[in-house]
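Welcome, and thank you for taking a look at this structure. Please open the view below and keep it beside you while you read.

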Amino acid sequence: MWRLYQFPLCPFSRKIRLLLGEKGVPFELVREDPWAASDMFFNLNPAGRTPVMVHADKELVLSDSRAIAEYFEETVDAAPMINGSSTNRAEIRRLVALFDENFFADVTAPLLLERMKKRIVLREPPDSRMLREAMRLAHGHLDYMDYLSIPDLGSQALR
Ligand SMILES: N[C@@H](CCC(=O)N[C@@H](CS)C(=O)NCC(=O)O)C(=O)O
């Protein structure tokens, strides 16, 4: 049985939970708070970041959401996520990178810092300017998603 070491609010952990659900891979959840990672967790992933997947029987440890996602894409046929032509697959990988890097940096990381880490770990009040700026940037990202979801407009990006 796979074990997923994850933090519930971590978007990279969430991506893997959704992927495993879609592909029908059974797994157990193990909560790991990245700011208080144990020595055992650092042994699994020296980067000290969630998510990490472990299969004790197969003696496998997988770290980094993209590496984990690609592993299951290559080993489980059900619910293919990176499919179509080479061009389509490149576009899928571009969008994953956009959300993992830009959306995370602009929106998720500041919201996690201001709303969760400052409250639970740092015992500081949130900075309302940072929250407003993250929400402003979120609207820009959501507008882009709308644009991509209108077939004629979105497909122009591929031409
Ligand atoms: N590129 C990594 C990013 C993982 C990541 O940044 N996870 C955060 C939680 S959402 C973390 O563990 N941060 C702790 C740290 O950077 O020390 C992935 O895709 O898995």
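Which residue forms a salt bridge with Glu-91? The partner is Arg-94, and the closest N and O atoms of the two are 2.8 Å apart. Before we go further, please keep in mind that this is a predicted model.

**Salt bridges**

Glu-91 and Arg-94 make a handy starting point, since both lie in helix 4, three residues apart, or about one turn of the helix. Their surroundings can be described as well: Glu-91 counts as buried at 16% relative accessibility, while Arg-94 is partly exposed, with a relative accessible area of 33%.

How many salt bridges does the structure hold? There are 11 salt bridges. Three of them are set out here.

| Acidic residue | Basic residue | Closest N and O atoms |
|---|---|---|
| Glu-101 | Arg-66 | 2.6 Å |
| Glu-91 | Arg-94 | 2.8 Å |
| Glu-114 | Lys-118 | 3.0 Å |

Let us take Glu-114 and Lys-118 next. These two residues are four residues apart in helix 4, so about one helical turn separates them. Are they buried or exposed? Glu-114 is buried, and Lys-118 is buried too.

Salt bridges with shared partners also join Lys-15, Arg-66, Asp-100 and Glu-101 into one network. Within that group, Glu-101 and Arg-66 form the salt bridge listed in the table, with their closest N and O atoms 2.6 Å apart. Glu-101 lies in helix 4 and Arg-66 in helix 3, so this pair ties together parts that are 35 residues apart in sequence. Why does Glu-101 count as partly exposed? Its relative accessibility is 43%, and partly exposed covers the range between under 20% for buried and over 50% for exposed. Arg-66 is partly exposed as well, with a relative accessible area of 32%.

**Two domains**

Now step back and look at the whole chain. It is divided into domain 1, residues 2-75, and domain 2, residues 86-156. The C-alpha centres of domain 1 and domain 2 lie 21 Å apart. In the contact between them, nine residues come from domain 1 and 12 residues come from domain 2.

**Aromatic pairs**

Rings are the next thing to look for. A pair of aromatic rings is described by the distance of the centres and the angle of the planes. A search of the whole structure finds eight aromatic pairs. One of them brings together Trp-2 and Phe-72: the ring centres are 5.1 Å apart and the planes stand at 70°, so the pair is edge-to-face. This pair links distant parts of the chain, with Trp-2 in strand 1 (residues 2-6) and Phe-72 in helix 3 (residues 65-75), 70 residues apart.

Where do these two side chains sit, buried or exposed? Both Trp-2 and Phe-72 are buried. Together with Tyr-71, Trp-2 and Phe-72 form one aromatic cluster.

**A nonpolar patch on the surface**

Which residues make the nonpolar surface patch of about 370 Å²? Look for Trp-35, Leu-113, Ile-120, Val-121 and Leu-122. Val-121 is a good one to find by eye, as a residue of helix 4 (residues 86-122). With a relative accessible area of 30%, Val-121 is partly exposed.

**Backbone details in the loops**

A few places in the backbone deserve a closer look. The peptide bond from Thr-50 to Pro-51 is cis, with omega near 5°. Pro-51 is found in the loop between helix 2 (39-44) and strand 3 (52-55).

Where is Glu-59 found? Its place is the loop between strand 3 and strand 4 (60-63). Phi of Glu-59 is near 50°, which is a positive value in a residue other than glycine. Glu-59 is exposed, with a relative accessible area of 74%.

Arg-123 is another residue with a positive phi, about 55°, although it is not a glycine. You can find Arg-123 in the loop between helix 4 and helix 5 (128-149). The relative accessible area of Arg-123 is 69%, so this residue is exposed.

How values were computed:
Residues are numbered from 1 along each chain as its sequence is written. This is a predicted model: local features need pLDDT of at least 70, side-chain atom pairs count only at pLDDT 80 or more; totals for chains, interfaces and linings use all residues. Side-chain values use heavy atoms; hydrogens and water are left out. Patches are made of residues with over 30% relative accessible area and no salt bridge: like charges are joined within 9 Å, nonpolar side chains (Val, Leu, Ile, Met, Phe, Trp, Tyr) within 5 Å. Accessible areas come from the Shrake-Rupley method with a 1.4 Å probe; for residues, only the protein chains shown count as cover. A salt bridge is a side-chain nitrogen of Lys or Arg within 4 Å of a carboxyl oxygen of Asp or Glu. Buried means under 20% relative accessible area, exposed over 50%, partly exposed in between (1.4 Å probe, protein chains only). Rings of Phe, Tyr and Trp (its six-membered ring) pair if their centres lie within 6.5 Å; planes under 30 degrees apart count as stacked, over 60 as edge-to-face and the rest as tilted. Domain bounds come from an automatic or database domain assignment. Contact means heavy atoms within 4.5 Å.
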